[in-house]
Amino acid sequence: MPEIILSINAGSSSVKISVYQAHDKSGDPTQLAEASVEGLTAPPATLKYERGDEKIKGKELEGIESQEDAFRYILDHLTQDKGLPELNHKDDIKFTCHRVVHGGNYPNSQVIDEDTYHHIEELSDLAPLHNAGALTIVRAVSSLLPHATNIAYFDSSFHSTLPTHISTYPIDPKVAAHNQLRKYGFHGISYAFIVSAVSTYLQKPASTLNIIALHLGSGASATCIKNGTSYDTSMGLTPLAGLPGATRSGSIDPSLMFHFTHDAGKPSRSSTQKMHITTAEEILNKKSGWQALTGTTDFGAISSSDAPECQLAFDIFADRIVNFVAPYFVKLDGKVDALVFAGGIGERGARLRAEVVRQVRCLGFEIDEGRNEKPGDGVVTSIGAEGARYKTLICKTDEQLEMARSVLEERGRFAKKD
Ligand SMILES: Nc1ncnc2c1ncn2[C@@H]1O[C@H](COP(=O)(O)OP(=O)(O)O)[C@@H](O)[C@H]1O
Ligand SMILES: CC(=O)OP(=O)(O)O
Ligand SMILES: [Mg+2]
């Protein structure tokens, strides 16, 4: 009986699911199909599907508005695909991996049982665009695929190596300890993939790899990776800190909110019994960022527009990214193996990459315009100019593959208790 792994990546604007078949040989599981519903924050959402030579791109979907809608749509699509007989029997799905953004103090992945489910639910307030959506998918899996083992992979786990002086906020330590207020950091599944891919590409052991990695998607972050581990990262207690995003402000003066509205501390209308967020958090997470500045969350459209508000959004993003690249270069003492772009915008946004690299040229980074416009097909490609002091790379990050690989490596830990 084939063992199938469904790897589910619920982002703030998309749900991406890859289907793998496990095998006994060493190496990666075999990918059978990849489906994603994108644009949940810029309706209509669209479907992208790839199975062998079968490709669908940009199919507009009616009524798909949430992560759960997207999951159910993709599962139907996969199980009804005649060219994917491996999924005709839902019981063959042995493992479902779920990307869960906030994992609190979990240093590694966890089988989702009652306890972990409730713990992840408690953390929903700290990742209001993410955890609750991922849990709706966990619940759907439990009813639609009762034989599968659900495993949570946390975006925050990769950052459990942050030094204390970097993860600690200068606030009352008693309150901080009691409420577990510290820098957690996110996009860690992606950063784990990036470390392994760049280490293979540069033929340098991961344990000696120093990179400045930028995961730029609907949510965007920068991470300073020292000796293959997270040394600093731009997101914080929640994914709101650091860089702006599709609907997020990124870091602002914390006092700003009290001048923006008198209702800052009141519960927002999107609070539920299980998730409590204030009006301030609602505004900064869901009503700010590119959406507020330009009216669209599509950074591709923003980058190619001449409209002044789009130009301003573009300039803000480049500026805020540089605000992390430079200090991370210093924290690595100039011993930097590469500056790495990843995520939907990092991988596809040639104009933004060119602008960021131009602004940090005094550090020794330089882009090759031709390669930047038409990067190669590999998982990692170089876009740096010949002779530049430091390398600039694009990494096609794959959070679904990172989770599926880990399932196979750690499967002993996940034996299902029947
Ligand atoms: N050609 C492009 N140039 C710049 N940005 C792009 C381009 N194509 C897509 N994007 C942007 O990538 C972002 C989505 O990134 P992704 O990492 O897939 O998001 P998520 O955070 O939901 O996982 C969107 O803002 C989208 O507009
Ligand atoms: C952590 C985070 O912001 O994730 P995403 O970019 O997928 O929304
Ligand atoms: Mg993402």
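Leaving aside its neighbours within four places in sequence, which residues is Asp 155 in contact with? In this predicted model, Asp 155 is in contact with Arg 99, Val 101, Phe 186, His 187, Gly 188 and Ile 189, once those sequence neighbours are set aside. The residue deserves a careful look, since the unreviewed UniProt entry places the feature "active site" at Asp 155. Following the chain, one finds Asp 155 in the loop between strand E8, which covers residues 149–154, and helix H4, which covers 164–167. Asp 155 counts as buried because 28 C-beta neighbours lie inside 10 Å, where 20 or more are needed.

From here the path leads to another set of annotated residues. For "binding site", the unreviewed UniProt entry lists Lys 16, His 215, Leu 216, Gly 217, Ser 218 and Gly 219, and two of these, His 215 and Gly 219, can be followed further.

His 215 lies in strand E9, which is made up of residues 211–216, and it counts as buried because it has 33 C-beta neighbours inside 10 Å. When residues up to four places away in sequence are not counted, His 215 touches His 187, Ser 190, Tyr 191, Ala 220, Ser 221, Ala 342, Gly 343, Gly 346 and Thr 397. His 187 therefore appears in the contacts of both Asp 155 and His 215.

Gly 219, by comparison, is found in the loop between E9 and strand E10, the latter covering 220–226. Gly 219 is buried, because 30 other C-beta atoms lie within 10 Å, and, with residues up to four places away in sequence again not counted, Gly 219 touches Ser 12, Pro 239, Gly 245 and Arg 248.

Methods: Residues numbered from 1 in each chain as written. Chains lettered and ligands numbered in written order. Predicted model: local features only at pLDDT ≥ 70, side-chain atom pairs only at ≥ 80, totals over all residues. UniProt positions renumbered as here; feature names shortened; annotations may be inferred. Helix = DSSP H or I, 4+ residues; strand = E, 2+ residues; numbered from the N terminus. Buried ≥ 20, exposed ≤ 12 C-beta atoms within 10 Å, placed from the backbone. Contact = placed C-beta atoms within 7 Å.
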